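Take a moment to turn the model around on your screen before reading on. The report below is a guided walk, so keep the view open and stop wherever you like.

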Amino acid sequence: MSRDEQSFPATIQRDLVPVNAVIGFLKRDRKWPSALYDLGYRLAMIEQPVSAAAVGTAEIDVICLNHKQNHAILWECKSGCTVGEKQARVYASISAEDVQRTGNITFPHAASASVEPVYCCLESDCGAVVNSLKNLGLTIPVVSLGKQAVLVCGQLNDADASIHFARGINLPPLEEVPRFLIANTQTPKSGLAGPFFATIVSFLRRQTGKFSLRHLLEETFPDWECMGTDLRRHLSSVAREIVKDLCENELRDFARIGKASHSPNEIMIEFTVDVLGHDASMRTRTFQKLMRLAYEYIERTKENRPYEPTQAVESLWLPGLEPEQN
Amino acid sequence: MDRREMAEILEEYLRNVNVYFDREKEFPKGRGPLKTYIMEAHRSDGESLDHRNAAKTLAGIADANGLTVRDTHDEVLFQVTKGEVGFFFDLLDPRFWVVHTMSNIEQCEELFKSLVETYPHLDYTWPSSGLMRSIQGNGKSLGFAVDFDETQIFAAPESHLIDEPNAVVKFRFGGTRAENWLKELESFAPDALAFSMVKFAREDQATGSYIIDELNEQGRFKAAGNSINLHNQTVSQFLYSYRSFILDIERAARIRSHGHGEGGGSLEGDPLVLEFPKPLRSFKTFVKELVSCRTPLKIWGIVEEVRSDFVQVEAVDLHTSSRLRLDITPEYLRIYLGPEACGNTVARLLRNLQSHVDSTIKLHIPSESVPA
């Protein structure tokens, strides 16, 4: 299958599909096969840096552990078709001791623990991935994702898992993969606008007087605590940009930026309206208005254009909720 | 006042009330059934309540709404009054409050409605049809009400309704032949049996004590009989089942991570999937109504269309203010709960989908089925 043939709708971030697919195999989602969960594997870590002595360090996308077998699989979920040589050599060299010592994984029996790496990629990328690994002289198994999750190269040391993936596991359309991770450094600002806006609305409904950027990030990204520093820094910076933009424009009559009293460099977002102080129907209309503002914001972020207050937006003001004129 | 005295007062009252609950509005003052509401509460910041801050939360709500709270000799039992309306608030479980009242039902309902709408950290309980029936199954069935109305979500033109076999099913029955009627109903409206009320009796022949209870879809009991103990046992069974359901949802489905902030960590929680027994016939209308911010579903959401039959939604439950993400197809709805989301959000969504889409929709909470 050529790359073009495995196309995704524009709203799907292609490079997040493999990692979410593997996490999905370890979960119990009724609409995604629990292929690894059913074999006794449990998700141990995601995005965990592990160092192989004398080779280097790699951030392992997913580490899953089978307690009975005292065995872990280290998944590299490829977002594209290129294979980094250094990363691949680290994966190929990592020992159970490395995973325990530098990856903070506890095995049932430390001395007899075993690990193995597996690469996972989209079907359209798997030819290139397999060839790259071959050219490097590495024998890392590769699982490809298409209509099936199938082992296209090599064998796993865990015989059950190997047979299972070699036979192929039927998958739903890949865009329906459960979304555990929703952002990485490639996620465009417009892709983050909706999630951030929704979290702000939940704070507004919760009558949170003010909230910090960190709280916004923790509530928006389920994997916030696991993220590496680069990704955190990137998302914090985009969040700051979005929040400032919203408070100055679409949400200017709902919220404003303040400074945290304990740390002047940190920003706090303060709400300036009491949505709950109104009757039920007015509250409903206010939230409907926030929804329209959210769509407008996402649209202008996609088009990368500045805010232009329109008559249409102003006319949405509800009696009693008009902005103050002073 | 303490728990024993409260029980005596309530039992005395129970013996004098009229058992024809449906005609409560016609009864003279003091003859309406005993009402027991089960409410679900959090701290205003969404955190769990303990006994001390449950009492504080109650006091805060009371202050802002002109209610008077009086302590009793039991540290988790409070008498609350407003004008002619009076309640016993039992905060033995700091999250699930049991509220007994002998006051006029209309005034009580109005007060609770206003409190729940104002305070996102206060909610009704939302038993599924299945849970209601299982509570009824602990006694002798005396009646039920079915209230199914898909036109609230699929507002189809009248011409479509001509061909729709079970668009609106409203049925109320009282009597010992309840189960026979249900068998009949199941034969021609199996997907529209959304129970909005179940009525049942429990008795202890050894002591001659009995209770007639009626449970509605928002966790409210009405009771008459001669034994407050039997009533309390029934309430307690319901509370136990409902609490387990909510805690199971939160344990299994809150998606949260643990790490040191330097990269790496664990990711816990599974999404929940509600499968539609038959594909939604008007997918776009359903999605639009789901995120309309209006009752009954009251969800705010930004919809991203992935395919014409698949959307992803960044959502907020406007009832509990929980942050959610949803994936929706005509065949299923996948729910990702945020790390602090409330299980009551799922219970309410399930309940409303049973009442307005298909009464046989079930929630499967993942459990540890394969040993690790």
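What follows goes from an overview of chain A to two of its sheet regions, then to the core and the contact between the chains.

**Chain A at a glance**

Please keep in mind that this is a predicted model. Chain A contains 10 helices and 10 strands. Along the principal axes, its C-alpha atoms fill a box of roughly 70 × 45 × 35 Å. The chain has 326 residues, and 43% of them count as buried. Looking at contacts in chain A with a separation of 6 or more, 59% come from residues 24 or more positions apart.

**A covered strand: β3(A)**

Let's zoom in on β3(A), which spans residues 71-77. Is this strand mostly covered or mostly uncovered? It is mostly covered, with 7 of its 7 residues buried.

In a regular strand, side chains alternate between the two faces of the sheet. For β3(A), H71(A), I73(A), W75(A) and C77(A) lie on one side, while A72(A), L74(A) and E76(A) lie on the other. Both of these faces are covered.

Strands of a sheet pair through backbone hydrogen bonds, in either a parallel or an antiparallel way. β3(A) takes part in pairings of both kinds. It runs antiparallel to β2(A), residues 56-66, and 5 bridges join the two. It also pairs in the parallel sense with β4(A), residues 114-122, over 7 bridges. β2(A) and β3(A) make a hairpin with 4 residues between them, and N70(A) in the turn has a positive phi of about 55°.

**A smaller stop: the sheet with β8, β10 and β9**

Another place to visit in chain A is an open sheet of 3 strands, in the order β8-β10-β9, with antiparallel pairing. β8 (210-212) and β9 (255-259) of chain A stand at the edges with a single partner strand each, so one side of each has no neighbour in the sheet. From one strand to the next, the twist averages 30°. β9(A) pairs with β10(A), residues 267-271, over 5 bridges. Helix α7(A), residues 213-220, lies across β8 and β10 of chain A and runs at about 75° to β8(A).

Here are some residues that face each other across paired strands.

| Residue | Opposite residue | Strand of the opposite residue |
|---|---|---|
| L65(A) | A72(A) | β3(A) |
| H71(A) | S114(A) | β4(A) |
| A255(A) | F271(A) | β10(A) |

**The core**

Which residues touch the most other members of the largest nonpolar core? Out of its 198 residues, they are V62(A), I63(A), C64(A), A72(A), C120(A) and W300(B). Helix α7(B), residues 228-253, gives the largest share of this core, with 10 residues.

A72(A) is a good residue to click on. Apart from neighbours within four places in sequence, A72(A) is in contact with A44(A), I63(A), C64(A), L65(A), V99(A), I105(A) and V115(A).

**Where the chains meet**

How many residues does each chain bring to the contact? Chain B brings 47 residues and chain A brings 54 residues. Several elements of chain B supply at least two residues each to the side that touches chain A, including α3 (105-118), β12 (256-259) and β16 (310-317). The largest share of that side, 5 residues, comes from β15(B). Sorted by class, the side of chain B that touches chain A has 19 nonpolar, 15 polar and 13 charged residues.

Definitions and conventions:
Residues numbered from 1 in each chain as written. Chains lettered and ligands numbered in written order. Predicted model: local features only at pLDDT ≥ 70, side-chain atom pairs only at ≥ 80, totals over all residues. Contact = placed C-beta atoms within 7 Å. Nonpolar A, V, L, I, M, F, W, Y, C, P; charged D, E, K, R; others polar. Buried ≥ 20, exposed ≤ 12 C-beta atoms within 10 Å, placed from the backbone. Pairing = 2+ DSSP bridges. Core = buried A, V, L, I, M, F, W, Y, C linked by C-beta atoms within 7 Å. Axes fitted to C-alpha atoms, helices over the stretch in contact; angles between N-to-C directions.
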